[in-house]
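Reader: I'd like to go through this one with you and ask where the labels come from. Can you show it to me first?

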Amino acid sequence: MTHGFGPVTPPDAQIRAAAQQRQAQLTKPGGALGRLEDLGNWVAACQGVCPPKQFERARVVVFAGDHGVARHGVSAYPSEVTAQMVANFLGGGAAVNALAAVAGATVRVADISVDTDTDPQVGKHKVRRSSGAIDREDALSVEEVQAALSAGIAIADEEIDAGADLLIAGDMGIGNTTPATVLIATLTDTEPVAAVGRGTGIDDEGWARKVAAIRDAMRRARPVAKDPVELLRVAAGADFAAMAGFLAQAAARRTPVILDGVVVTAAALVAEDLAAGASAWWLAGHHSTEPAHTLALTRLRLEPLLDLSMRLGEGSGALTALPILRAAVAALTEMATFGEAGVSTAEPEASADTGGENAVANADTVTDADHSTAVEHPVSKPDLTK
């Protein structure tokens, strides 16, 4: 079921095959760059061109929203921190800002359901103040969940129409790992105690309260688990619905996405139900310490690039992985082929009198230390002022 989304076509298989063929012609042993080769092939297939183009406008969108359940002791921080962090993002002082600058990306913040007024520049798509406490009430009304989905779709369209060639969804919301765990545990049929993590660093008593809240929310979620829109309405929140719409629309518009941690990946699970096949356009940036994240990645069949014990959110893990994806593109695009570099690809038969001493090295012995061929190409730098 697509639930209003256009059909999601997979990345171009013919271009992927062409990229694999190019990998075999580059000045390295076959497979010597390991997963970088697979990543480069994926980017080429997403872009529909081989060799692929380096990303010129990678864009992070941080979806901010509060959750009523946070008022019941499931987080180590008060809900006021959400709005304070939105201001910090706008001021350039958060981890997402620092990591985006290093990775060559720019940052946008979208207030979807922060429980106070925020800067007008981030509130264009605001749906409501805070989502309901999902352990005892619905997160959203029917009208609000549709508005949140539409907000996510509109944000994806705005960014892609403005030239974004890679998207990252980030999250900010005190208490948001609780609805994330509810979504993941419900969709993977997992008991709460096996899925609940420490979130912002709660103590044992806080963890017990969180387990209880998730257990109660899952009781409310299970009857609607097969309807992704209803699941978002009952057991998630406006920020999750917006992220799900954003991720589904990015895939529908053939734009690659790097997923972040447990919150974004929970929204991705629902987005895959909204738009079947969307996950082919997503890459898992990292592996969070939250147990539910492992469950979600397994369900989506995505292998994370990094495992650095991160659990911040904001898009931080995805941004940390972005330079690796850039490296994969650079290798596939900028490396010389054997023919261009004049490097032999096969060992000729050795003559009897030399015993092969004068034979040239074959492809199996070409390593980083065996050649120093440098091929320079101009690489455009991303405009970080956008």
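Author: Sure. A helix here is a DSSP run of H or I with at least four residues, numbered from the N terminus. Ala24 sits in one of these, helix H1, which covers residues 13–25. Keep in mind that this is a predicted model.

Reader: What makes Ala24 count as exposed?

Author: The cut-off for exposed is over 50% relative accessible area. Ala24 comes out at 56%, so it counts as exposed. Its C-alpha is 9.3 Å from that of Phe338, although the two are 314 residues apart along the chain.

Reader: Why is Arg254 called partly exposed?

Author: Buried means under 20% and exposed means over 50%, with partly exposed in between. Arg254 has a relative accessible area of 35%, so it gets the middle label. You'll find Arg254 in the loop between helix H10 (238–252) and strand S4 (257–259).

Reader: And what makes Ser309 exposed?

Author: Ser309 has 53%, and the label needs over 50%, so exposed it is. Ser309 is in a loop as well, between helix H12 (291–300) and helix H13 (316–334).

Reader: What is there to say about phi in these two loop residues?

Author: Most residues other than glycine have a negative phi. Arg254 has a positive phi, near 60 degrees. Ser309 is not a glycine either, and its phi is positive at about 60 degrees.

Reader: How do you know that the peptide bond from Cys50 to Pro51 is cis?

Author: Its omega is near 0 degrees. Most peptide bonds are trans. Pro51 lies in the loop between helix H2 (35–47) and strand S1 (58–65).

Reader: Back to H13. How do you know that its span is close to the expected one?

Author: The expected span is 1.5 Å times one less than the number of residues. For the 19 residues of H13 that gives 27 Å, and the helix reaches 28 Å from first C-alpha to last. H13 does bend, by about 30 degrees at Leu322, and Pro323 follows within four residues. Among the buried residues of H13 are Leu322, Leu325 and Leu332.

Reader: What makes a set of residues a nonpolar core?

Author: They must be buried residues of certain types, Phe, Leu and Trp included, joined through side-chain atoms within 4.5 Å. The largest one has 109 residues, and Phe240, Leu247 and Trp282 have the most contacts inside it. H10 gives the most to this core, with 11 residues. Apart from it lies another core, of five residues, including Ile15 and Leu332.

Terms used. Residues are numbered from 1 along each chain as its sequence is written. This is a predicted model: local features need pLDDT of at least 70, side-chain atom pairs count only at pLDDT 80 or more; totals for chains, interfaces and linings use all residues. Side-chain values use heavy atoms; hydrogens and water are left out. Helices (H or I, at least four residues) and strands (E, at least two) are DSSP runs, numbered from the N terminus. Buried means under 20% relative accessible area, exposed over 50%, partly exposed in between (1.4 Å probe, protein chains only). The bend at a residue is the angle between axes fitted to the seven residues ending there and the seven starting there.
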